[in-house]
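User: Please take a close look at one part of this model and then work outwards from there. What lines the largest pocket?

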Amino acid sequence: LFIANEFQINWEWYNKVPCKSLIDRVVIDHENKEIKLIDLKTTSSIVDFNSKFREYKYNRQLAFYWLAIKWYFVNELKLDFHSYVPKTYIIAITTNDPIEVKVFQISEPQLHDGLDEIESLMTMLEWHWENDKWDYPYTYYEGQGIEII
């Protein structure tokens, strides 16, 4: 059993773009072949946390963390990531009295939506990284000096 808090993974997206993830808590249970990704969030209200989840795109953040964990499994642990069952949780804690705590399990479709966003964003970032052009958005350079809005 491996448990880590504030677990930092320095990794590379498709071995091209350097990335860093600082995961609040990860639990790797080798015996039961399970990985738990746990993220802590403070919120003013537990009642509307679902809307905050969408507003702040927490699914994208958590999907990014899963990419880091997968990279860690393959490159550091030399283990088959797909032989483990991933589980994703957010522990939401209110910032005002009375203090409330609620655990949310994040669904696979939510994570897949976040991963789709990451793929798009990282593809643009990869282009900037490879071409060392940072003054304008990717679309400006692809539009030959015309920025598309």
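Analyst: The expected span of a helix is 1.5 Å times one less than its number of residues; helices (H or I, at least four residues) and strands (E, at least two) are DSSP runs, numbered from the N terminus. The model is predicted, so local features need pLDDT of at least 70 and side-chain atom pairs pLDDT 80 or more, while totals for chains, interfaces and linings use all residues. Residues are numbered from 1 along each chain as its sequence is written, and side-chain values use heavy atoms, without hydrogens or water.

The largest pocket (an open set of 1 Å grid points where a 1.4 Å probe fits, with protein on both sides within 12 Å along at least five of seven lines) has a volume of about 550 Å³, taken as the space filled by probe spheres set on the points. Its lining (residues with an atom within 4 Å of a point) consists of 21 residues, and W66, L67, K70, F81 and L115 lie nearest the centre. By class, 13 of the lining residues are nonpolar, four are polar and four are charged; Asp, Glu, Lys and Arg count as charged, Ala, Val, Leu, Ile, Met, Phe, Trp, Tyr, Cys and Pro as nonpolar, and the others as polar.

Three elements each supply at least two lining residues: β1 (2-13), α2 (58-77) and α3 (108-131). The largest share, seven residues, comes from α2. The length of α2 agrees with expectation, because its 20 residues should span 28 Å at 1.5 Å a residue and its end C-alpha atoms are 27 Å apart. Just after α2, K78 takes a positive phi of about 60°.

Helix α3, another contributor to the lining, also holds E126. That glutamate counts as buried because its relative accessible area is 12%, against a cut-off of under 20% (1.4 Å probe, protein chains only). Leaving aside neighbours within four places in sequence, E126 is in contact (heavy atoms within 4.5 Å) with W13, K16 and V17. W13 falls within the residue range of β1, and V17 within that of strand β2 (residues 17-29).

Beyond the lining, the pairings of β3 (residues 34-43) can be followed outwards; strands pair if DSSP finds at least two bridges between them. Seven of the ten residues of β3 are buried. With β2, β3 pairs in the antiparallel sense over five bridges, and L37 is the bridge partner of V26. Four residues separate β2 and β3 in their hairpin, where K33 in the turn has a positive phi of about 55°. With strand β4 (residues 85-94), β3 runs parallel, joined by ten bridges, and I38 stands opposite Y89.

From β4 the pairing continues to strand β5 (residues 101-105), antiparallel, through five bridges; here V101 is the bridge partner of I93. The hairpin that joins β4 to β5 passes through six residues.

As for the whole chain, it has four helices and five strands, in the order β-β-β-α-α-β-β-α-α along the sequence. Of its 149 residues, 36% count as buried. Its C-alpha atoms fill a box of roughly 55 × 40 × 25 Å, taken along the principal axes. Among contacts between residues at least 6 apart in sequence, 53% join residues at least 24 apart.

Notes: Buried means under 20% relative accessible area, exposed over 50%, partly exposed in between (1.4 Å probe, protein chains only).
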